[in-house]
Amino acid sequence: MVPEKYLKRVNLSSDVYAICIQHALTTEKQEIMGLLIGEIDEEECISNISACMILHRSDKQPDRVEISPEQLCGASVYAEQLATDLKRPMRVIGWYHSHPHITVWPSHVDIGTQATYQMLDPLFVGVIFSVYQSDPRLKNNQVQLTCFQSLTQGGSKLERREVPLFIEKSPFQLHNLEGIANLSKVLIQEEVECHSIKDNETNDPIARLHNEAFKTLALVHIVSKVSRPMCDDLVERLNATKLRIKELESIKAELLLKRNK
């Protein structure tokens, strides 16, 4: 009998980690979800995550999140495009979602979903970000992270198996910057579609006006709480990069001067 194959380690790029955290913090009322893209060392059973794809939620709930099959196909196409651009064997190798206001540990539904993914790829991995969980002793909110796979015990019982996760320092890659830029666009699209469904369910003009007002409020919230801070962060990153370039140019000039003496 061939033993089951499991991951031994996951290396998560710091820029992907930043995207996932920003995505998870966009809402404290519903779970969010995305897919993780990268490479797997099949012999060593090590996963290297270097990109992600923010998914449009087809169902927004406080305790679960669903995506359409079309988005899974779209993520595979996106991974193939990255593989061509980067000349590396990129593919979808995991998924992430958030747990707002609850512990980071996967639920039985999460473990079951993970088991389904592992039927297609035994080295597929799940990552959970717990956000908006307050600690009364410290009087602040905590962000926690766990990385897991499903493990079959006793022939049928599913349990979680924690996988060691390491965040590797790396500069923001262009494809990940595009991912951050698309975050607000995805959130706005979700709100517009959600309110369009509500409008189709009623012919009452007062109800339509009420729904339109709530849609406007939701869109303003996205711009003020997500888009603007994100733009400010990217501007600061750009300024820091320009400053670092000047420092390196100064060091280069000094070294050239010493060499020519």
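Buried means under 20% relative accessible area, exposed over 50%, and partly exposed in between (1.4 Å probe, protein chains only). The model is predicted: local features need pLDDT of at least 70, side-chain atom pairs count only at pLDDT 80 or more, and totals for chains, interfaces and linings use all residues. Residues are numbered from 1 along each chain as its sequence is written, and side-chain values use heavy atoms, with hydrogens and water left out.

**Exercise 1.** Determine which parts of the chain the salt bridge of Arg91 and Glu42 ties together.

*Solution.* A salt bridge is a side-chain nitrogen of Lys or Arg within 4 Å of a carboxyl oxygen of Asp or Glu. The side chains of Arg91 and Glu42 meet at 3.3 Å, N to O. Arg91 belongs to strand β6 (residues 91-100) and Glu42 to the loop between β2 (33-41) and β3 (46-54), so the bridge ties together parts 49 residues apart in sequence; strands (E, at least two residues) and helices (H or I, at least four) are DSSP runs, numbered from the N terminus. Arg91 is partly exposed at 30% relative accessibility, and Glu42 is partly exposed at 37%.

**Exercise 2.** State how Glu212 and Lys215 are placed in helix α5, and whether each is buried or partly exposed.

*Solution.* Their side chains form a salt bridge (3.3 Å, N to O). Glu212 and Lys215 are three residues apart in helix α5 (residues 205-260), and therefore about one helical turn separates them. Glu212 is partly exposed at 35% relative accessibility, whereas Lys215 counts as buried at 17%.
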